[in-house]
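Here are a few short exercises to work through with the viewer open. Try each task before you read its solution.

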Amino acid sequence: MHKTIFKISKMDCPSEENLIRMKLEGILGIEHLEFDIPNRVLSVYHNGSPEQIEKSIHELKLGGQRISTEDTSNVEFEEDKGQRKLLLTVLAINFIFFLIEMTTGVISRSMGLVADSLDMLADSFVYGISLFAVGGTLTKKKRIAKLAGYFQIILAVIGFVEVLRRFFGAEKLPDFATMIIVSIFALIANGICLYLLQKSKSKEAHMQASMIFTSNDVIINLGVIIAGFLVHWLSSNKPDLIIGTIVFVLVVQGAVRILKLGK
């Protein structure tokens, strides 16, 4: 057996881990994947040549670079039996808050909350592809990835159009109190996800990179909270539109990554 080590510079959360797992799943000879997200390192235990593995990683455009390939006698790998349940729980939390933020965002006229809800949906898509397609064919998984990616892009484009309409039109101010309160609850939800990931005894990235996993979502939540205060202070909807635009861009970037799985 061989152990090939890759440095993947853009692998900064378990979403990228799931994308890489999906991409490499169809390659024969791979025995085990070991992720070290804080150090952006992937170790692949495999039989045969690493060329196809390297090519597949490059196709994801996550900054993958092969560091070394060496023989190894390590043929026993510990599996985390609770990982599926853990991911399913995190998926459920993300999807529930997608529904909450989308609903309250529409009611309160806040594009920041709507955009943040789509970010939650993006996380749900990544975990859903990984979990609910288990046991299916690679073709089926790629089809699911394409549908999820395109659906996410369509929602983000609709969001961009609505931001432009509100920017140039005379719209009522968003309900700043709803923006702040809902975002605080979203922060709590991310805290619960963080607790569950830390509580897990898994040696996979979900344990190692729990702080990294929640960092982007926490920053977005804080951004919406700040935008809510600025909306009230400035009596303007521009802060809400700005944070909404930023998050929509992040959503599109996530959708593009998902679409790469369909190639």
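Contact here means heavy atoms within 4.5 Å. Keep in mind that this is a predicted model.

**Exercise 1.** Find which residues Phe248 is in contact with, leaving aside its neighbours within four places in sequence.

*Solution.* Start by selecting Phe248 and apply the cut-off of 4.5 Å to heavy atoms. Next, drop the neighbours within four places in sequence; what remains is Met111, Val114, Ala115, Leu118, Ala156, Gly159, Phe160 and Val163.

**Exercise 2.** Work out which residues have the most contacts inside the largest nonpolar core, and which element gives the most to this core.

*Solution.* First, take the core as a whole: it has 29 residues, and Phe97, Leu118, Val247 and Phe248 have the most contacts inside it. Then sort by element: two or more residues come from each of H3 (83-108), H4 (111-132), H5 (138-168), H6 (176-199), H8 (210-234) and H9 (238-260), which are helices. Among these, H4 gives the most, with eight residues. Finally, look for a second, separate core: this one has 15 residues, including Ile8 and Leu60.

**Exercise 3.** Describe how strand S3 (residues 41-46) is paired, and say how many of its six residues are buried.

*Solution.* Begin with S1 (residues 2-8), which runs antiparallel to S3 and is joined to it by six bridges; Ile5 stands opposite Ser43 there. Move on to S2 (residues 30-36), also antiparallel to S3 over six bridges, with Phe35 opposite Leu42. S2 and S3 form a hairpin with four residues between them, and Arg40 in the turn has a positive phi of about 55°. Last, check burial: five of the six residues of S3 are buried, so by the cut-off they lie under 20% relative accessible area.

Definitions and conventions: Residues are numbered from 1 along each chain as its sequence is written. This is a predicted model: local features need pLDDT of at least 70, side-chain atom pairs count only at pLDDT 80 or more; totals for chains, interfaces and linings use all residues. Side-chain values use heavy atoms; hydrogens and water are left out. A nonpolar core is a set of buried Ala, Val, Leu, Ile, Met, Phe, Trp, Tyr and Cys residues joined through side-chain atoms within 4.5 Å. Buried means under 20% relative accessible area, exposed over 50%, partly exposed in between (1.4 Å probe, protein chains only). Two strands pair if DSSP finds at least two bridges between them.
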